[in-house]
Amino acid sequence: MGVMIELAGLTKVFGSTRAVDGLTCSIEPGMVTGFLGPNGAGKTTTMRMILGLDRPTSGTATIDGKSYRELADPLRHVGALLDAKQVHPNRSVRAHLQWIAATNRLSAARVDEVLDMVGLTAVAGNRAGTLSLGMSQRLGIAASLLGDPPVLLFDEPVNGLDPEGIRWVRTLMRSLAGEGRTVFVSSHLLAEMSNTADRLVVIGRGKLIASTTVTEFVGRADSVRVRSPQLDLLRQVLTEAGIAVDDDQAALALLVRGAASEVVGELAAKNGITLHELSSQQGSLEDAYMKLTDDAVQYRAVT
Amino acid sequence: MGVAAALNAERIKLFTTRSPLWSAVAVAVLSLGLAAIQAETVYGPGPLEPEKAAMGIAVFGVPVLMILSSLTVTNEYRSGLIRTTFMAVPNRTLVLVAKAVVAAVFSGIYAAVMVAASIAVARSDPHEWGLVGAITLYAMLASVLAVGVGALLRASAGAVALLLLWPLVVEPMLANMPKMGTQVGPYLPFANAFIFIRVQWLYPVYAMPWGAVGSIVYFAVVTAVVFAAALVVINRRDA
């Protein structure tokens, strides 16, 4: 049986800022759940509350029905990577894992095992402060895996990684979820999450915007671009079929939302409308995300 | 939560950085150096008194051990490692107690060795077990106090400054102020600790409201109050 993370009305207020505002959702086992939102949306604060580091102003975050602080030997239940630079720079890589293992009575053999899993065996004797960002990230992930926990939380794990590192993290998260674990990963990049996650929890300004599957989220954002010499007739036909249509002013085309290109093409053929272009919009995923979180972006450059 | 596991983890942490080694070297130089210099320049009959031989460890060595103890907390706040610690051991009281115990044991054992070594270097009376015990107890309590100060201040610079200025500058200054000195002096924590260990330093002799044992109890109470405040604060604040 997998272990669920449940947030119920989770709220954190710093002074006059509601960093996390009444967040309610559940994160399920056996899949990767992406935690998406612009910078400053409250993702890290939410994770810190799940991990018992910050005290919620109100509401609860529970793992398997218990708050983090109630877990005995918590590393056997939850593994987390918050910040890869959370190490003593002069302590060796192996010693860093050894003391963490000691807190939860995990064996020294397990330290060597996780070092091997993340490919750091060769640098186990090096000082943690000398590691590159990519290697620090691997060390942080090794620490999270020490207790072989059923629940894993990663805060922006691919930030600053090279393409190979990104692929490694992505593959690891997929395989951890494949083993039935609950994997909760935050990111501010939708493209990254649409590649890795099965479900998405989207927040902005601390509020829940969407909790849905990636397929549904992408479908919601799907749009089809159509050019035709009979644009007005096409618009009429589509609107009558109950399909939302936007004008694309610049190119004299229509942007059709919520319908696949097949549907649009068949409708056009049935009504004898000539089409000059019929294409799915790749960039629309980012657009939809931007649109969803637009009001929720707290800081932005004035253009 | 496992008390033994938390202690073991803090022991590993302490001995897998270089700070204990550097501190040990610094304390040894201060303690044995001062013992040797005094032994060379002693006048009058007989060898140097043991209390004088132990001046280096008591006056300068213990503050170095206090700094080491406070760094076990402040270094973790600086690197963010304290979050890893609290994730592994969510019982923060247990974390701070484990740090205090490990720091106190290290400081106590090392102080005992240094007192004995100082006496040997100065060729004083080697049968001063009372002195060894007193300074050991003082070093242990001072380390617990330092862990508490580290947890309250979080910043290394602040903790180090406080732990050096308090015993070495502020208390001797207050104790020697005209008029006020005799009123404030008996209630200064470190002045009391020095009464208990019988090491003469910059403190003038006052009429203490309690005996030597009372003095160390007073120092222990101050330590307990600071440590209790640190426990309340770390349990309340967000890590």
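I will go through the domains of chain A, one of its strands, and then the contact with chain B. Please keep in mind throughout that this is a predicted model.

Let me begin with the layout of chain A, where the domain assignment gives domain 1, covering 5–217, and domain 2, covering 223–280. Taken over C-alpha atoms, the centres of domain 1 of chain A and domain 2 of chain A are separated by 43 Å.

Now to strand β3 of chain A, residues 31–36, which is mostly covered, with six of its six residues buried. In a regular strand the side chains alternate between the two faces of the sheet. In β3(A), A:M31, A:T33 and A:F35 point one way, while A:V32, A:G34 and A:L36 point the other way, and all are buried.

Which strands pair with β3(A)? One of them is strand β7 of chain A, residues 182–187, which pairs with β3(A) in the parallel sense over six bridges, and within β7(A) it is A:F184 that serves as the bridge partner of A:T33. The other is strand β8 of chain A, residues 199–204, also in the parallel sense, here over four bridges, and in β8(A) the bridge partner of A:F35 is A:V201.

Finally, the interface: 28 residues of chain A are in contact with 24 residues of chain B. On the side of chain B that touches chain A, the elements giving two or more residues are α1 (3–15), α4 (55–79) and α5 (81–88) of chain B. Sorted by class, that side of chain B has twelve nonpolar, eight polar and four charged residues.

Definitions and conventions
Residues numbered from 1 in each chain as written. Chains lettered and ligands numbered in written order. Predicted model: local features only at pLDDT ≥ 70, side-chain atom pairs only at ≥ 80, totals over all residues. Domains from an automatic or database assignment. Contact = placed C-beta atoms within 7 Å. Nonpolar A, V, L, I, M, F, W, Y, C, P; charged D, E, K, R; others polar. Buried ≥ 20, exposed ≤ 12 C-beta atoms within 10 Å, placed from the backbone. Pairing = 2+ DSSP bridges.
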